[in-house]
Amino acid sequence: MRHALKGLFPFLLVVCFWQPVSAQSRDDDGPPMDRPAIGVSGGFISNTHSATFSHLPGIPSCCAGYDGGDGTGIGFGAAARFVIDDAWSLHLLLRYADFSATLTSEENIGPVLTSRGPEEATVEHRLASTTAAIDFRPTIGFRPIAGLPLTLFTGPHLAYLISNDVTQTEELLTPADITFDDLQRTRNKYDGALPEAASLYAGFAAGIRYGIMLGDRWSLWPEVSMRLAATSLSSGVDWMAHGAEGSVAVMYHIPKPPPPPPPPPPPPPPAISTGVQVFAKAADGTLREDARVIVERLTRGELFPLLPYVFFPQESAALNETHMHRLQTAETQSFDETALPNSTLGIYAELLNVVGSRMVKHPGSKITLTGCNNATGAERSNRELSRLRAEAVRDYLVSVWHIDPKRISVTARNLPKEAPSVDAIEGQEEARRVEISSDTYAVLAPVRWQSVEQSVSTPTIVLRPEVTAEAGIRHWSIGVTQGATSYASYDGSDMPEAVEWQLDTTRLPEAGRNVDVVLRIEDRVGQTSTARVALPFETETRTTEVVEQRGNRRIDRFSLILFDFKSSAIGNENQKILDIVREAITPQSHVTIYGFADRTGSTEINKKLALERCESVRSALGPSIRNIDVQMEAVGSDRLLFDNDLPEGRNYCRTVQIVVETGLK
């Protein structure tokens, strides 16, 4: 192999440093060298076989051992080349290849008797292989120097052996005048298929090739390579067919097909144009260009007290078994207590969400959760159950509302400090609870409910298209948007007519920003035209706070104070609530205080308790009702405000309602 490579290197050096100018030529579809190419390849093969055996299976031989041999052959076939990028390429070769070689081994077989006396005898053992293959060689090439078509490549050999025969002889070399016992100078002859011959061949190739462009379509690719066998020619012996090769490929670079001729110029298109006018339509049907809209907002408001208790079922600390409405974390972002239902018990169901929302808004606030039990059955002296109830409330605020646990204190006791007798079912229901208290008034302040009703003075905007289309209209559309928000859309076929945009008072555009009116048309030959109008949308808002009015008197109603069971004492937390009532009282006001109670207890006791609650409120209002006509009515439990089958309903019945009637000037 070494001698074969020495003969190929001078040729390779000459080729590598001769690069015709044509290699740099270009045509309209890029450098020729970068285009896919196909062609033929042919060359010389110097085979070097390695062997480590003494004889072939089943073939008589006296050889002490073979260690290798060499031979020559040719290879020719079809080639293809594909460029991957500036540095890498793929080269495919399918060919006929001759891997034949001859293995010889000389051996001294000892002295023999001749006419001249005893002499040393020498024999030559010879194995001549006839090995031919259909060889497929895919190789990956790497170009180490940019701009120079010198490629280093490597890849496998995969071959089918169409011929794998062998000829064996053992011939006397010296002395020249002796023979074997059969009077012949050769013995152990064999000519036929290689015993246990392989039909497939696998090897590995590495080498170098160089590309020379011959004009814009053809190139010449001389290369040298080495081949290392990975499989033996026979499964019975170790006989590897290696080699060195030198070849030249002539390649044709496939050009891209020429582009189609340009189409003839189209005839001039039919005329098309569009515009749109915007008018405000008054109540009497007249149109005006001023699209100013007057919006009247009627606001209604009411305050609802928060009952800071969470009631649990018997022997349960599961929050999902209470009447509390629970949210997912993602829903807390859109929670708005002003949008809660106009219902006392409906707002109570949102107690934990109101507390969580307010603690987020007041990061310095803290709360205390006191868990209680009703001291009956399995709950008797079960402070662990009381603690679990408080912890269930805490865990909801921490996990859903992300309240810092350090801001929440948890305590546990048996019966609540203030609770009905647990001898009755109602008392047992109210005692198994968690009480919420806070160092910040805003956390448990009443919920302010508010609703807004809107009306507009100009509810209709007229959009009048102005269109010219010689080919006729296939489709048209009008869109009314402000930013990414769509407020109206219309479409149709044939010639568009004026459309009316009816303003939705629950979903009005933002005042002070333009409303975009876009008219798009398509004619019957596919032409399109677009017209845009930036409509200044201005509103004049008139807000009216709606209160109850009877004749020439204004009526303000307050149901704000909740009392403990059998109690008429107004706690400190209720003093701020009374400030709201004081603001509504004027010297022209008449105040009526209604006292209520739940169904627990007799009617007489409840009326007495309700009257005491009225008196506590009158006393707490103090100077604000001095010289004011104040009446008290103890309703007691004669009229239940809420469902008394629920512990929260009974608690909300322990209240007073304050009605302030004020004369209007």
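**Exercise 1. How many salt bridges does a search of the whole structure find?**

Before you start: this is a predicted model, where local features need pLDDT of at least 70, side-chain atom pairs count only at pLDDT 80 or more, and totals for chains, interfaces and linings use all residues. Residues are numbered from 1 along each chain as its sequence is written, and side-chain values use heavy atoms, with hydrogens and water left out.

*Solution.*
- Take the criterion: a side-chain nitrogen of Lys or Arg within 4 Å of a carboxyl oxygen of Asp or Glu.
- Run it over the whole structure and you get 25 salt bridges.
- One of these is E500 with K281, at 2.7 Å from N to O. E500 sits in strand β23 and K281 in strand β12, 219 residues apart. (Helices are DSSP runs of H or I with at least four residues, strands runs of E with at least two, numbered from the N terminus.)
- There is also a network, made up of E429, E430, D598, R650 and R654.

**Exercise 2. Work out whether E379 and R389 are buried or exposed, and what their salt bridge links.**

*Solution.*
- Get the distance: N to O is 2.5 Å.
- Check burial (under 20% relative accessible area is buried, over 50% exposed, in between partly exposed; 1.4 Å probe, protein chains only). Both E379 and R389 come out buried.
- Place them: E379 is in the loop between β16 and α4, while R389 is in helix α4, so the pair ties together parts ten residues apart in sequence.

**Exercise 3. Describe helix α4 and find what covers its buried residues.**

*Solution.*
- Span first: α4 covers residues 383-399, 17 in number, and reaches 24 Å from first to last C-alpha, close to the expected 24 Å (1.5 Å times one less than the number of residues).
- Its buried residues include L385, R389, V393 and Y396.
- Among the elements covering them are α3, β16 and β17 (contact means heavy atoms within 4.5 Å).

**Exercise 4. Work out the strand order of the sheet under α4.**

*Solution.*
- The order is β15-β18-β16-β17, an open sheet with mixed pairing (strands pair if DSSP finds at least two bridges between them).
- β15 and β17 each have a single partner strand, so one side of each lacks a neighbour in the sheet.
- β16 and β18 run antiparallel, joined by five bridges; T370 has E435 in β18 as its bridge partner.
- Finally, α4 lies across β15, β16, β17 and β18, at about 165° to β17 (axes are lines fitted to C-alpha atoms, for helices over the stretch in contact, with angles from 0 to 180 degrees between N-to-C directions).
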